[in-house]
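Please look over the sequence and the model below, and then follow the explanation step by step with the structure in view.

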Amino acid sequence: MSQTPSSRPTIRDVAKHAGVSKSLVSLVLSDPSKVSSLRRSRVEDSIRELGYQPNLAARSLVSENRHAIGVVLGELHNPWVLEVAEVVREQLQAAGFDVLFSAAAIHDGQGIGPAELKRYAI
């Protein structure tokens, strides 16, 4: 494989390992019933062997399904913020959302403002 030991395997790595197209791997992940059992098995074996995990951020960018919520956290030195973030994550995932966290950059003690948040809104 072309990946380094610390990098996560990609859908392309799975396709190459299984000897199939990237599109077929994607189909196995999104609608396995549309793939023959032999080809599906080959892809699933490669997924297990490589330890592939879908990238939720990438999936939400290409999907028509916008069930992803981004949460910007500040004050990461405060354990209360992390506790609240964990509760938020649990509740949103239970409701069917993918949750993406990002740390806020603090500039001169001001944090990030509405202009920066708006830039990343979907």
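In this predicted model, a good place to begin is helix α2, whose buried residues pack against two other helices, α1 and α3. The buried residues in question are L24, V25 and V28. Seen down the axis of α2, these residues fall within an arc of 100°, so they line one face of the helix. A general property of helices helps in reading such a pattern: an α-helix has 3.6 residues a turn, so residues three or four places apart point the same way. The face of α2 that is turned away from the buried side carries S23 and S30, which are exposed.

With this helix in mind, it helps to step back to the whole chain. The protein has 122 residues, of which 20% are buried, and its secondary structure comes to six helices and two strands. Read along the sequence, these elements follow the pattern α-α-α-α-β-α-β-α. If one takes the contacts between residues at least 6 apart in sequence, 52% of them join residues at least 24 apart.

We can now return to the helices and ask how they are placed against one another. Two packed helices are described by the angle between their axes and the distance between the axes. For α1 and α2, the axes come within 8 Å and cross at roughly 105°, which makes α1 roughly perpendicular to α2. On the α1 side the contact is made by I11, R12, V14 and A15, and on the α2 side by K22, V25, S26 and L29. Sorted by class, the residues of this contact are five nonpolar, one polar and two charged.

The other neighbour of α2 can be described in the same terms. The axes of α2 and α3 come within 10 Å and cross at roughly 90°, which makes α2 roughly perpendicular to α3. Here α2 contributes L24, V25, V28 and L29, while α3 contributes R39, R40, V43, E44 and I47. By class, this contact has six nonpolar and three charged residues, with no polar ones.

Which residues of α3 are buried? They are V43, S46, I47 and L50, and, seen down the axis of α3, they fall within an arc of 105°, so they line one face of that helix. These buried residues pack against α1, which covers residues 11–18, and against α2, which covers residues 22–30. On the other side of α3, by contrast, L38, R48 and E49 are exposed. The helix itself runs over residues 37–50 and has 14 residues, reaching 20 Å from its first C-alpha to its last, which is close to the 20 Å expected at 1.5 Å a residue. After α3 comes G51, a residue whose phi is positive, near 75°.

One residue of α1 deserves a separate look, namely D13, which lies in that helix. Is D13 buried or exposed? Its relative accessible area is 9%, and because a residue counts as buried when this value is under 20%, D13 is buried. The C-alpha atoms of D13 and S46 are separated by 8.9 Å, although the two residues are 33 residues apart along the chain. S46, for its part, is one of the buried residues of α3, and the buried residues of α3 pack against α1 as well as α2.

Key: Residues numbered from 1 in each chain as written. Predicted model: local features only at pLDDT ≥ 70, side-chain atom pairs only at ≥ 80, totals over all residues. Heavy atoms only, no water. Helix = DSSP H or I, 4+ residues; strand = E, 2+ residues; numbered from the N terminus. Expected span 1.5 Å × (residues − 1). Buried < 20%, exposed > 50% of the residue type's maximum accessible area, 1.4 Å probe, protein only. Arc of directions from axis to C-beta. Contact = heavy atoms within 4.5 Å. Axes fitted to C-alpha atoms, helices over the stretch in contact; angles between N-to-C directions. Parallel < 35°, antiparallel > 145°, perpendicular 65-115°, else oblique. Nonpolar A, V, L, I, M, F, W, Y, C, P; charged D, E, K, R; others polar.
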